[in-house]
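The following report walks through one protein model, moving from strand pairing to the packing of side chains and then to the overall dimensions.

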Amino acid sequence: MKTLQLVFAVGTNASSTISIANPKDGVTLDEVKAGAAKIQEIFVTRSGADFTGFKKAVIVTTTEQPLE
């Protein structure tokens with residue numbers, strides 16, 4: 001399973017991560033930055049803090065192994 005994680009700066013010393021399951025294959029950093037800019041404008045944290053900047057994006061790949 002793949003997850004796209006977008007990390008945003010919040011306030012001066014914090015960060016917040018948004019995870020998106022199953023991103024499209026071949027997604028580019030430019031595409032992610034364009035989407036992140038839109039997200040940054042409308043999202044706030046639970047405490048009401050604004051997202052102040054985009055920090056990074058990573059794709060995390062996980063595997064499952066059933067126990068027998």
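In this predicted model, V10 has F51 as its bridge partner in β3. The pairing of V10 with F51 belongs to a longer register, since strand β1 (residues 2-10) and strand β3 (residues 51-61) run antiparallel to each other over nine bridges, and within that register Q5 is set opposite V58 of β3. On its other pairing, β1 joins strand β2 (residues 14-21), again in the antiparallel sense, over eight bridges, with T3 standing opposite A21. The link between β1 and β2 is a hairpin with three residues between the strands, and G11 in that turn has a positive phi of about 65 degrees.

Taken together, the three strands make an open sheet in the order β2-β1-β3, with antiparallel pairing. Because β2 and β3 stand at the edges and each has a single partner strand, one side of each is left without a neighbour in the sheet. From one strand to the next, the twist averages 20 degrees. Helix α1 packs on this sheet and touches β1, β2 and β3, while its direction makes about 135 degrees with that of β3.

**Strand β1 and the nonpolar core**

Is strand β1 mostly covered or left open? Seven of the nine residues of β1 are buried, so that the strand is mostly covered. In soluble globular proteins, nonpolar side chains tend to be buried together. The largest nonpolar core of this model has nine residues in all, namely L4, L6, F8, V10, I18, V32, A36, I39 and F51. Both β1 and α1 (29-42) supply at least two residues each to this core, and β1 gives the most, with four residues.

V10, one of these core residues, also has a wide list of contacts along the chain: leaving aside residues up to four places away in sequence, V10 touches S15, S16, T45, A49, D50, F51 and T52. F51 thus appears both as the bridge partner of V10 and among the residues that V10 touches.

**Aromatic pairs**

How many aromatic pairs does the model contain? The count comes to three, and two of them, both of which involve F51, are set out here.

| Aromatic pair | Centre to centre | Angle between planes | Class |
|---|---|---|---|
| F8 and F51 | 4.9 Å | 35 degrees | tilted |
| F43 and F51 | 6.1 Å | 40 degrees | tilted |

F8 lies in strand β1 and F51 in strand β3, so the pair that they form ties together parts that are 43 residues apart in sequence. Both F8 and F51 are buried. The cluster extends beyond these pairs, in that F8, F43, F51 and F54 form one aromatic cluster.

Why do F43 and F51 fall into separate burial classes? The cut-off for a buried residue is a relative accessible area under 20%; F51, at 7% relative accessibility, therefore counts as buried, whereas F43, at 36%, counts as partly exposed. F43 is placed in the loop between α1 and β3. Not counting residues up to four places away in sequence, F43 touches I18, D50 and F51; of these contacts, I18 and F51 are residues of the largest nonpolar core. The C-alpha atom of F43 is separated by 13 Å from that of G11, a residue 32 places away along the chain.

**The protein as a whole**

The secondary structure comes to one helix and three strands, and from the N terminus on the elements run β-β-α-β. The radius of gyration is 14 Å, well over the 11 Å that the globule rule gives for 68 residues, so the protein is more spread out than a compact globule. Along the principal axes, the C-alpha atoms fill a box of roughly 45 × 30 × 15 Å.

Buried residues make up 24% of the 68 residues. As for how the chain contacts itself, 53% of the contacts between residues at least 6 apart in sequence join residues that are at least 24 apart. The pair of F8 and F51, bringing together parts 43 residues apart in sequence, is an aromatic link between strands β1 and β3, and those two strands also pair over nine bridges.

Technical notes: Residues are numbered from 1 along each chain as its sequence is written. This is a predicted model: local features need pLDDT of at least 70, side-chain atom pairs count only at pLDDT 80 or more; totals for chains, interfaces and linings use all residues. Side-chain values use heavy atoms; hydrogens and water are left out. Buried means under 20% relative accessible area, exposed over 50%, partly exposed in between (1.4 Å probe, protein chains only). Two strands pair if DSSP finds at least two bridges between them. A nonpolar core is a set of buried Ala, Val, Leu, Ile, Met, Phe, Trp, Tyr and Cys residues joined through side-chain atoms within 4.5 Å. Contact means heavy atoms within 4.5 Å. Rings of Phe, Tyr and Trp (its six-membered ring) pair if their centres lie within 6.5 Å; planes under 30 degrees apart count as stacked, over 60 as edge-to-face and the rest as tilted. Axes are lines fitted to C-alpha atoms, for helices over the stretch in contact, and angles run from 0 to 180 degrees between N-to-C directions. The radius of gyration is taken over C-alpha atoms; the globule rule is 2.2 Å times the number of residues to the power 0.38.
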